[in-house]
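Trainee: Please take me through one part of this model slowly. I would like to see how charged side chains can hold pieces of a chain together, and then what lies around them elsewhere.

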Amino acid sequence: MNDIELVAGVSDALATEYRSAKRYVSDVPTQSLLHVRSFAHRLTALLAEPKAVVFDSPNLYDRIEQLNRLRLIDVRITRALHRLRADGNRGAHPEKYHLDQPQLQQLAQKAIRDLLKLVELVYPLLRQCPAPAYQFDEYDALSGRELCFRAVMQDDSEAQYLLGMSFKSQALMARQQEQALADSELPPPQQAKHYLSKAAYWFAQAATQEPRARFEHGVALLHGYSGEPDLAAGQQLIREAAEAGVVDAMALLGYFYLVGSGDITADLVLAEQYLKAAAEQEHTEAMANLGVLRYQQGNLPAAFQHIKQAAQSGYPHAQYHLSLMLARGEGCQADLAGSEQWLAEAAEQGQLEAMLARAQHMLNQEQAFGSDMSQAESYLRQVIRYGHSVPAMIELAIALTDGSLARIDVVEAAAWLKLAKSRGDAHEQQIITPLWQSLAQQVERALALSQEQAEQRSLQRAKELLTD
């Protein structure tokens, strides 16, 4: 018995999801992770069947927790389902988690292994016997070639769509790398534009037959993947995809109606209609935007519930905003400990504002939750790399001069202050100026006392950096 046959022993529908998840691990790992999440959703339905459980919510997080409360699954199964849910969320928006292609492939491979372990755990519950022994068949190395063959030779719209998604994923991750190199002396590669152009081509090829490709083609036109943006044509395709039931399209169209965009005038009734439709199908960003809508309407308790639901579903931006609402007591009872825990969760998933706030808390509060100076430094460097954040540059410069990081490096501190000064706004300049003057004085005093040549060279370099 192989791994696919093991899963089929539980359910043919689960085997279909598993086969798709495994098939795309190497070539379209984002798609693989989405199938992993769909697998977890289908599995909750199977686990509920024996007791005829009716779920209170379509949200996967809520379904897992309801099964746990009813003691239909134990702690191990609960945790395993939540891991698959979280991995699936990362597959939906890899750029928000700062994942590159090799990391996505590793994540997809790990999710496949976790999925099989979960099948072994639930097998006795669903089949009243232990899971049989099985062997794992290696991933199909030809799946990418097959995808290209289907797209080119067979004019297969699904394959064309998946090729487009693969190129789009690579483009978004390449763009992150290019942004990260923007401050370096090396010229950044220009791969993102190349990949986006390829993605746009394949989305256009598939758009007439595949509603998901129609949505992506609309987004490509909206942002000018392969030429000048065409806002009107892009929004029309997104509208058509939303009417065809594409969840991402409903979520984006709802957002357009929420804020007003292009030819779409803000309409809170239509915004609620589309956002609710997407949220009911577990679109986490739509859940969060429903929270924004309720917040704008002044209904803070409802806003809190929607944002909490999105946070529990693993959406980092919602986790950050839930942290803020808990800290302020907006729509809820203030809970500083809960606020810090959600802030830590968002930071762990790469939300830049949360990473900066967590680093600041760890560096500046003696009793900060989960204080770890090396983690604080790592967060600051990532926020600078991906967000070019001036406040993060200032924080890192301070930490490198006051010994918070168990070392002092005035040269690097001076370099960060110099970069911050070149980018800071008027308010930030008011913070930078006294720090600049203090560090310059510190360097002068150290130079006067230093006897070692290596140390003098470093201090001299710091002085040069701090000279306007």
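Mentor: Start at Arg 407, which is partly exposed, with a relative accessible area of 34%. Keep in mind that this is a predicted model. That value counts as partly exposed because it falls between the limits of 20% and 50%.

Now find the partner. Arg 407 forms a salt bridge with Glu 377, and their closest N and O atoms are 2.7 Å apart. This pair links distant parts of the chain. Arg 407 sits in the loop between α20 (390-402) and α21 (410-423), while Glu 377 sits in helix α19. The two residues are 30 apart in sequence.

Look at Glu 377 itself. Its relative accessibility is 14%, so Glu 377 counts as buried. Glu 377 has another partner too: a salt bridge with Arg 381, with closest N and O atoms 3.1 Å apart. Both residues belong to helix α19 (residues 373-387), four residues apart, or about one turn of the helix. The spacing makes sense. An α-helix has 3.6 residues a turn, so residues three or four places apart point the same way. Arg 381 is partly exposed, at 30% relative accessible area.

Step back one notch. Glu 377, Arg 381, Arg 407 and Glu 412 are linked in a network of salt bridges. The structure as a whole holds 18 salt bridges.

Compare another of these pairs. Asp 87 forms a salt bridge with Lys 110, with closest N and O atoms 3.2 Å apart. Asp 87 lies in helix α5 (residues 75-92) and Lys 110 in helix α6 (residues 101-127), so the pair ties together parts that are 23 residues apart in sequence. Asp 87 is buried, with a relative accessible area of 4%. Lys 110 is partly exposed, at 28%.

Next, visit a buried charged residue in a loop. Glu 210 lies between α9 (191-206) and α10 (211-223). Its relative accessible area is 11%, so Glu 210 is buried. The Glu 210 side chain makes a polar contact with the side chain of Arg 212, at 2.9 Å. Leaving out residues up to four places away in sequence, Glu 210 touches Ser 157 and Tyr 161.

Tyr 161 leads us to nonpolar ground. The largest nonpolar core has 59 residues, and Tyr 161 is one of those that touch the most other members. Phe 215 is another of them. Beyond residues up to four places away in sequence, the contacts of Phe 215 include Ile 238, Val 246 and Ala 249. A separate core of 41 residues lies apart from this one, with Tyr 18, Val 53, Leu 81 and Leu 84 among its members.

Finish with one helix. The end C-alpha atoms of α13 (residues 268-279) are 16 Å apart, which agrees with the 16 Å expected for 12 residues at 1.5 Å a residue. Its buried residues are Ala 271, Tyr 274, Leu 275, Ala 278 and Ala 279. They cover an arc of only 135° around the axis, so they lie on the same side of α13. What covers these buried residues includes α11 (231-243), α12 (247-259) and α14 (284-296). Asp 267 caps the N-terminal end of α13, with a side-chain oxygen 3.0 Å from the backbone nitrogen of Val 269.

How values were computed: Residues are numbered from 1 along each chain as its sequence is written. This is a predicted model: local features need pLDDT of at least 70, side-chain atom pairs count only at pLDDT 80 or more; totals for chains, interfaces and linings use all residues. Side-chain values use heavy atoms; hydrogens and water are left out. Buried means under 20% relative accessible area, exposed over 50%, partly exposed in between (1.4 Å probe, protein chains only). A polar contact is a pair of N or O atoms within 3.5 Å; within protein, one must be able to donate a hydrogen and the other to accept it, and residues adjacent in sequence count only if both atoms are side-chain atoms. Contact means heavy atoms within 4.5 Å. A salt bridge is a side-chain nitrogen of Lys or Arg within 4 Å of a carboxyl oxygen of Asp or Glu. A nonpolar core is a set of buried Ala, Val, Leu, Ile, Met, Phe, Trp, Tyr and Cys residues joined through side-chain atoms within 4.5 Å. The expected span of a helix is 1.5 Å times one less than its number of residues. The arc is that of the directions from the helix axis to the C-beta atoms.
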